[in-house]
Amino acid sequence: QVQLAESGGGSVQAGESLRLSCAASRSIYISNCVGWFRQYPGKEREGVAAIYTGGRTTRYADSVKGRFTISQDDGKNTVYLHMTGLKPEDTAMYYCAAAPPFANVGLPLESEEYSYWGQGTQITVSS
């Protein structure tokens, strides 16, 4: 089991930056992959970014490539999502998720590959 807690959401203007944090209750290495997802009202969650915790390999959705960066701080058991050049269409609830312990899932952006989820943090981008 692991508890995940997101923080860092808020309201910003288009073009500004935010950094989301996902703090885990135990070592992030136990989950080979940690991902960030977002969800629009009435829509399914969509994968935004994922990181392989053992080697820091990353993967991004096309919609955020070049603007978002996922990273990890091993000492703090925390995964970050640094978002730059925010657009109104980035407005959503953002969640972090961890893959099952020791599972070899690759770098999925599909929500069904993840077992543990945080409560989410809202981001609102105004034009």
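**Exercise 1.** With which residue does arginine 67 form a salt bridge, and how far apart are the closest N and O atoms? Place both partners in the chain and say whether they are buried or exposed.

*Solution.* The structure is a predicted model, and every step below reads from that model. Begin with the pair itself: arginine 67 forms a salt bridge with aspartate 90, and their closest N and O atoms are 2.8 Å apart. Next, place the two residues: arginine 67 belongs to the loop between β6 and β7, while aspartate 90 belongs to the loop between β8 and β9, so that the pair links distant parts of the chain, 23 residues apart. Then turn to burial: a residue is called buried when its relative accessible area is under 20%, and because arginine 67 has 13%, it is buried. Aspartate 90, with a relative accessible area of 0%, is buried as well. Finally, look at the surroundings of arginine 67, leaving aside residues up to four places away in sequence: it touches His82, Met83, Thr84, Gly85, Leu86, Lys87 and Asp90.

**Exercise 2.** Which residues do salt bridges that share partners join into one network, and how many salt bridges are counted?

*Solution.* Start again from aspartate 90, whose side chain also meets that of arginine 38 in a salt bridge, at 2.8 Å from N to O. This pair links distant parts of the chain, since arginine 38 is in strand β4 (residues 33–39) and aspartate 90 is in the loop between β8 (78–83) and β9 (92–98), 52 residues apart. Arginine 38 is buried, with a relative accessible area of 3%. Now return to the bridge between arginine 67 and aspartate 90: through shared partners, Arg38, Glu46, Arg67 and Asp90 are joined into one network. The count of salt bridges comes to five, and one of them lies between aspartate 74 and arginine 56, with the closest N and O atoms 2.8 Å apart. Aspartate 74 is in the loop between β7 (68–73) and β8, and arginine 56 is in the loop between β5 (46–52) and β6 (58–60), so this pair ties together parts that are 18 residues apart in sequence. Aspartate 74 is partly exposed at 24% relative accessible area, and arginine 56 is partly exposed at 42%.

**Exercise 3.** Which cysteines does the disulfide join, and what is the state of cysteine 33?

*Solution.* The structure holds one disulfide, which joins cysteine 22 to cysteine 96 with an S to S distance of 2.1 Å. With 65° about the S-S bond, this link is right-handed. The pair links distant parts of the chain, because cysteine 22 is in strand β3 (residues 18–24) and cysteine 96 is in strand β9, 74 residues apart. Both ends are to be checked for burial: cysteine 22 counts as buried at 2% relative accessibility, and cysteine 96 is buried at 0%. Cysteine 33, by contrast, is in no disulfide, and the nearest cysteine sulfur, that of cysteine 22, is 12 Å away. Cysteine 33 is nonetheless buried, with a relative accessible area of 0%.

**Exercise 4.** Which side chains of strand β11 point to one face and are buried, and which residue of β11 is the bridge partner of alanine 92?

*Solution.* In a regular strand the side chains alternate between the two faces of the sheet. Strand β11 (residues 121–126) shows such an alternation, with Thr121, Ile123 and Val125 pointing to one face and buried, whereas Gln122, Thr124 and Ser126 point to the other and are not buried. For the neighbours, note that strand β2 (residues 10–13) pairs with β11 in the parallel sense over four bridges, and that glycine 10 stands opposite isoleucine 123. β9 and β11 run antiparallel and are joined by three bridges, and here the partner of alanine 92 is again isoleucine 123.

**Exercise 5.** Which residues form one aromatic cluster, and over which rings does the charged end of arginine 45 sit?

*Solution.* The whole structure contains three aromatic pairs. In one of them, the rings of tyrosine 114 and tryptophan 117 have centres 6.3 Å apart and planes at 65°, so the pair is edge-to-face. Tyrosine 114 counts as buried at 6% relative accessibility, while tryptophan 117 counts as partly exposed at 24%. Together with Phe37, Tyr114 and Trp117 form one aromatic cluster. The charged end of arginine 45 sits over the ring of tyrosine 95, 3.7 Å from its centre, and also over the ring of tryptophan 117, 4.6 Å from its centre.

Definitions and conventions. Residues are numbered from 1 along each chain as its sequence is written. This is a predicted model: local features need pLDDT of at least 70, side-chain atom pairs count only at pLDDT 80 or more; totals for chains, interfaces and linings use all residues. Side-chain values use heavy atoms; hydrogens and water are left out. A salt bridge is a side-chain nitrogen of Lys or Arg within 4 Å of a carboxyl oxygen of Asp or Glu. Buried means under 20% relative accessible area, exposed over 50%, partly exposed in between (1.4 Å probe, protein chains only). Two strands pair if DSSP finds at least two bridges between them. Rings of Phe, Tyr and Trp (its six-membered ring) pair if their centres lie within 6.5 Å; planes under 30 degrees apart count as stacked, over 60 as edge-to-face and the rest as tilted. A charge sits over a ring if NZ of Lys or CZ of Arg is within 6 Å of the ring centre and within 35 degrees of the ring normal. Contact means heavy atoms within 4.5 Å. A disulfide is a pair of cysteine sulfur atoms within 2.5 Å.
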